[in-house]
Amino acid sequence: MKINQNISAVIVNDQLLRNENSVAASVQRLSSGLKFNNAKDNPSGMAISFKMQAQINALNRASLNATDGTSMVETIDGAMGEMTEVLQRIRELCVQAANDTNMPEDREAIQQEIDALKEEVNRISTATEFNGKTLLDGSLDRRTYVTSEAAQAGGGQKEVSMYDKITNVIISDEVQAGNYNVEIIEPAGHAALVAAGDDAKVQNNAISEEQAGIVCINGVKAEIKAGMSPEEVYTVIRDAADSGWVNVFVTDGNQTLPITDKTLDTQGYGKDNTGYKFGSSLAFVSQNYGSDEDITITCDNKELAEILGLDNPTGPAGKTVENTVEEVKEYSISIKGQDVPQPVNIVGVPNAANAGKKVEATAAGTVYVNGVAAKITAGMSPQEAFEALQRACAAADVMLSGDQVAVPADYGFEKKLTFTSEATGLNAKINITYDNEELGDLFGLKDIAADPGMQLERDEKVVSIEYKSVAEGEDAQVSIQENGEIRKEYTGQAVIKADGNQVVITDKSGFEMSFEIRGDVASGGQPQNPGDPDTNTQLITIEATDIGTLQLQIGANEGQELAVRVPVLNTRSLYMDDLDVRKVDGSDRGMDTMDKAIGIVTAARSLMGAYENRLDYIKGGLDATEEDMTTAISRLGDVDMAQEMTEYTNANVLTQASISVLSQANDLPQQVLSLLQG
């Protein structure tokens with residue numbers, strides 16, 4: 001037995017410490033509910049656990065992000081729904097304005113409501129916000145940049161922005177990010193013509209009775225009355241032109257101005273700022289671009305046409321204006337009875353070449369017998385034409401026979417007509433007039449003859465004259481070819497279409513790119529073939545990017561985003577900013593425009609609905625993943641309470657046993673004293 005070293009106590013004490021540590025660890029696990037509370041408990045398990053917890057927290061946040069995104073898309077959807085209602089109302093107003101029961105003041109009232117509704121469309125576009133972010137102004141759509149190259153002084157090229165000239169660029173989702181080259185050969189053109197007036201016949205600086213007449217501009221009448229001053233004449237012409245989608249201004253008649261953003265409506269014609277006076281040149285320019293736009297001007301008075309320059313207007317350099325003069329003549333044949341008791345009688349001289357003919361469109365017209373009209377229409381058979389003429393004759397107290405037969409069964413235009421008055425003597429008369437020379441030839445009236453001794457009078461006079469001028473606009477000319485082949489950024493299936501100044505490029509797989517070209521885009525362009533002075537084109541580059549879309553973080557990791565495209569929606573992007581039902585065909589144009597606008601908004605709204613559905617699925621997927629990962633981390637880090645309680649009880653019992661044994665081990669040195677005392 002030894003007293004210096006109590007080996008038994010040391011052994012028991014060491015075991016007691018182990019048991020106490022086991023109890024403390026169990027108590028910590030039981031109180032925290034975790035298998036490991038310190039890194040030393042399970043280094044790899046703790047690392048995995050913390051990584052999974054970060055994922056769970058991120059998934060929870062991403063789910064909330066998806067909810068916020070859904071709220072934003074629902075806001076956009078609601079705004080588009082209201083915009084659709086506004087567009088539907090505008091279309092309804094266009095239908096209302098198309099009814100000819102409306103007076104001009106009624107259409108003015110309708111247009112006032114349309115203008116207010118157009119302002120509302122723009123207000124919705126700029127005022128729809130979510131958390132301070134504007135939604136429908138295009139700031140959440142894909143960015144596009146339009147550039148070109150211009151020659152630098154001293155040589156070389158520099159890149160310049162063309163976004164002020166190539167506007168309203170819209171690309172589909174299938175347009176990949178990259179550069180797309182387009183060559184502008186010619187910008188779209190307005191219809192334009194210049195009328196150089198002549199004031200030589202104007203007396204006292206006012207319109208005379210002989211010079212009064214009607215000027216029609218695209219079907220809108222401007223009545224020029226006697227006594228009108230130059231200012232009054234210009235006013236009625238200007239207002240009629242505006243209703244016909246035409247701008248009119250006093251000009252020097254030359255394209256002396258460069259075409260810029262300030263002179264697009266004049267197509268470069270130099271303005272005359274001295275004001276209109278008789279003899280001034282008037283420029284007529286269509287308000288819109290394209291081959292569908294034209295200017296048709298008619299004038300029914302020769303002297304008025306000469307004063308205004310409408311007898312032979314000219315067009316832009318290299319462009320033609322179709323000028324025609326149409327005279328409407330009246331041909332008359334008359335014979336009066338003599339102081340003898342007999343009727344008057346005249347006989348037509350037909351042309352044998354007319355045998356078997358029907359009335360052609362060029363021969364249609366009206367024959368008047370003693371003032372009673374017989375309307376002869378295209379497609380009539382000879383018998384039908386004869387019967388129509390005979391009815392007029394009967395009402396005019398004139399007997400008509402064909403080849404001396406009162407009612408021929410087989411009348412043809414090769415047979416002669418005989419007109420005989422029912423009255424006799426001085427009361428007998430026959431007066432025949434017709435308004436188509438070809439119709440007169442068809443009935444044999446041109447060389448009609450009277451009985452011997454009868455005085456037959458013939459007359460031919462112009463009853464009306466019309467000066468007509470027509471000018472047409474041009475669509476933009478655009479190419480996506482280089483050296484005779486389609487450029488490499490497009491496929492061989494790419495198609496380009498220009499409608500006025502709007503250009504649409506389509507390709508396979510839903511590729512679509514549209515934009516508008518301003519009228520001065522080709523000014524200063526670089527020649528396609530250097531050294532060829534006749535080819536002056538502009539090569540522009542449209543850079544499509546993935547920048548600008550609304551990015552929703554819908555995942556726990558970097559790059560797990562949903563790009564939401566929100567197109568710009570306003571009166572300009574919907575091509576309805578110039579809608580005006582007061583103008584000629586304005587209602588019809590408006591209905592077509594609104595159909596397209598409603599289609600654009602509906603397509604955008606459908607896209608928002610697709611985003612909403614997708615976000616719902618995304619949120620469901622995130623929530624399911626978060627639940628599964630929470631289960632996984634629970635298996636990894638959560639303590640099994642029943643098992644841990646068993647271990648705790650075992651360690652606690654061992655600790656108590658160790659204390660008891662230690663007490664006994666500490667009594668061993670006392671037993672040495674009993675040996676010493678004995």
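Which residue in β19 stands opposite Val-367? Tyr-434 does, and this briefing starts from that pair before moving on to helices, cores and a few unusual residues. The model is predicted, so local features need pLDDT of at least 70 and side-chain atom pairs count only at pLDDT 80 or more, while totals for chains, interfaces and linings use all residues. Residues are numbered from 1 along each chain as its sequence is written, and side-chain values use heavy atoms, with hydrogens and water left out.

**Strands around β19**

- Helices (H or I, at least four residues) and strands (E, at least two) are DSSP runs, numbered from the N terminus.
- Strands β15 and β19 run antiparallel and are joined by 3 bridges; two strands pair if DSSP finds at least two bridges between them.
- Strand β13 (residues 322-336) also runs antiparallel to β19 (residues 429-434), with 6 bridges joining them.
- Ile-335 has Ile-430 as its bridge partner in β19.

**Helix α4 and the turn after it**

- Helix α4 (residues 230-243) has 14 residues that should span 20 Å at 1.5 Å a residue, and its end C-alpha atoms are indeed 20 Å apart; the expected span is 1.5 Å times one less than the number of residues.
- Its buried residues are Pro-230, Val-233, Tyr-234, Ile-237, Ala-240 and Ala-241; buried means under 20% relative accessible area, exposed over 50%, and partly exposed in between (1.4 Å probe, protein chains only).
- These buried residues lie on the same side of α4, because they cover an arc of only 135° around the axis; the arc is that of the directions from the helix axis to the C-beta atoms.
- An α-helix has 3.6 residues a turn, so residues three or four places apart point the same way.
- The buried residues of α4 pack against β8 (213-217), β9 (220-224), β10 (246-251), β11 (281-289) and α5 (302-308).
- In the loop between α4 and β10 you will find Trp-245, which has a positive phi near 65° without being a glycine.
- Trp-245 is buried, with a relative accessible area of 4%.

**Helix α6**

- Helix α6 (residues 382-395) has 14 residues and reaches 20 Å from its first C-alpha to its last, close to the 20 Å expected.
- Among its buried residues are Phe-386, Leu-389 and Cys-393.
- The cover over the buried residues of α6 includes β17 (398-402), β18 (417-421) and α7 (437-443).
- After α6 comes Asp-397, with a positive phi near 60°.

**Nonpolar cores**

- The largest nonpolar core has 49 residues, and Leu-87, Ile-90 and Leu-136 have the most contacts inside it; such a core is a set of buried Ala, Val, Leu, Ile, Met, Phe, Trp, Tyr and Cys residues joined through side-chain atoms within 4.5 Å.
- Helix α2 gives the most to this core, with 17 residues.
- Apart from this core lies another, of 41 residues, including Ile-207, Ile-217, Ile-237 and Phe-249.
- Leu-87 touches residues including Val-121, Leu-574 and Met-594, not counting those up to four places away in sequence; contact means heavy atoms within 4.5 Å.

**Two more residues to find**

- Ser-509 sits in the loop between β26 (502-506) and β27 (512-517), and has a positive phi of about 65° although it is not a glycine.
- Ser-509 is exposed, with a relative accessible area of 61%.
- Thr-541 belongs to strand β28 (residues 538-544).
- The side chains of Thr-541 and Asn-181 are joined by a polar contact of 2.7 Å; a polar contact is a pair of N or O atoms within 3.5 Å, where, within protein, one must be able to donate a hydrogen and the other to accept it, and residues adjacent in sequence count only if both atoms are side-chain atoms.
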